[in-house]
Amino acid sequence: MNNPNASGSRIVGWGSDLPEKVLTNQDLADGGLDTSDEWIFERTGIRQRHVGGKTGEMSTNAGRKALEVAGVTGADIDLVIVATSTPDQLMPGTSATVHSELGIRGGACDMQAVCSGFSYALIAANGLIQTGLDRVLVIGADSLSPYVEWDNRSSAILFGDGAGAVVLERHSEETLLSFDLGADGDSRHIGFTDHGGKITMDGKEVFRTAVRAVTKSAQQAIDGAGLTAADIDWFVPHQANVRIIEAIASRVGIPMERAIVTIQDTANNSAATIPVALDTAVRDDRVQPGDTLLLGGFGFGMTWASAVMKWDPRD
Ligand code: UT7
């Protein structure tokens, strides 16, 4: 507990990691899956996915990059949270790996809200900073490839592996202007993975629920910040299907030119999609200091979370 008078937080470091091995749509079709690059791209926006990553290793790599950008080391971190639903072991948490590899001084825990995990963790980290922590390393990471039923064309095409990370630091002003989070546990049967099992889902129902939930949640977060859709410079959505992103963006009133879309390269790597998209858009100079961002995602559970943030990194 360092500063009980802390008033807010901001992101000062970012990074991501994707496994080297790439599986293209064509590779899936060539491997015998009854599908085509055209079908997958048209219906999902996906061209390829990265596979073969271990959650702890990808988390560590993304976290290391985020620390470097922030100009801090593990010794400066009060807490690392790894949002994942694919930990390398049932116990301990994957955060223990990151804690060891990056020499984190403070605590370590995992958070499980499936694809919404990163947003949940970011919101939680902000609250912890408001109550006294100085700096939290927030990581979203998933290795979904071991849980994909590779001969099921309805789901095999959608998923991949990856990790993204941010360093959230105490700041005199609050950059998390507003957030909304929620869940509908009654919908937990529409997407799940049993112990020892593979990803199972009712794709159409997930699609419908996601559009409905994220639209409402995003709208509430924008309203909560006292803003309108026109004030959002960049929508940084969960990357599950570009048609889901388009449906949400049009309902909320954000043109697709202001949505960050990385799904073509990564497919859906669950808790990693939002921090990977953010890292991509900061590195290619789309996101600029002073911009207002809307982070919005959903995951099995169903869970959802939206956050409106000012992008205000350190100089
Ligand atoms: O983070 C949450 C994770 N999950 C999701 O986000 C899933 C959300 N849902 C989706 O993204 C979409 O529902 C899917 C991509 C899973 C499916 O797209 P769709 O447009 O809803 O297709 P559909 O299930 O209605 O299938 C249309 C047709 C069917 O053929 P028939 O019955 O019309 O003859 C399917 O058998 O397309 C067929 N089909 C495919 N064809 C070629 C389904 N998957 C494929 C495929 N390649 N990979």
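These legends walk you through several close-up views of one predicted model.

**View 1. The ligand sits between two domains.** Start with the ligand and look at what lies on either side. Domain 1 covers residues 8–171 and domain 2 covers residues 176–310. Both domains give residues to the shell around the ligand, so the ligand lies between them.

**View 2. A shell of 24 residues surrounds the ligand.** Among these residues, Thr35, Arg43, Arg153, Lys204 and Asn241 come nearest to the ligand. Sorted by class, the shell has twelve nonpolar residues, seven polar ones and five charged ones.

**View 3. Several helices help to build the shell around the ligand.** Look for helix H2 (37–44), helix H6 (153–156), helix H7 (203–224) and helix H8 (242–252): each supplies at least two residues of the shell. Which helix gives the most to the shell? That is H7, with four residues.

**View 4. Arginine 153, glycine 203 and lysine 204 meet the ligand through N or O atoms.** In the side chain of arginine 153, an N or O atom is 2.9 Å from an oxygen atom of the ligand. The side chain of lysine 204 also offers an N or O atom, and this one is 2.6 Å from an oxygen atom of the ligand. With glycine 203, the backbone takes part: one of its N or O atoms lies 3.0 Å from a nitrogen atom of the ligand. How much of the ligand does the protein bury? Taken alone, the ligand exposes 950 Å², and the protein buries 74% of that.

**View 5. Two tryptophans form the one aromatic pair of the structure.** Tryptophan 14 and tryptophan 311 are 5.1 Å apart, centre to centre. Their planes stand at 55° to each other, and the pair is tilted. The pair links distant parts of the chain, since its partners are 297 residues apart. Tryptophan 14 belongs to strand S1 (residues 8–17), while tryptophan 311 is in the segment after strand S13 (303–310). Are these two side by side with the surface or tucked away, that is, exposed or buried? Tryptophan 14 has a relative accessible area of 13%, so it is buried. Tryptophan 311 is buried as well, with a relative accessible area of 3%.

**View 6. Aspartate 27 is found in helix H1.** This helix covers residues 25–30. Aspartate 27 has a relative accessible area of 34%, so it is partly exposed. Now find alanine 75, which is 48 residues from aspartate 27 in sequence. In space, the two are 43 Å apart, C-alpha to C-alpha.

Notes. Residues numbered from 1 in each chain as written. Predicted model: local features only at pLDDT ≥ 70, side-chain atom pairs only at ≥ 80, totals over all residues. Heavy atoms only, no water. Near = heavy atom within 4 Å. Polar contact = N/O pair within 3.5 Å; in protein donor to acceptor, adjacent residues only side chain to side chain. Areas by Shrake-Rupley, 256 points an atom, 1.4 Å probe, with all protein chains shown as cover. Nonpolar A, V, L, I, M, F, W, Y, C, P; charged D, E, K, R; others polar. Domains from an automatic or database assignment. Phe/Tyr/Trp six-rings, centres within 6.5 Å; stacked < 30°, edge-to-face > 60°. Buried < 20%, exposed > 50% of the residue type's maximum accessible area, 1.4 Å probe, protein only.
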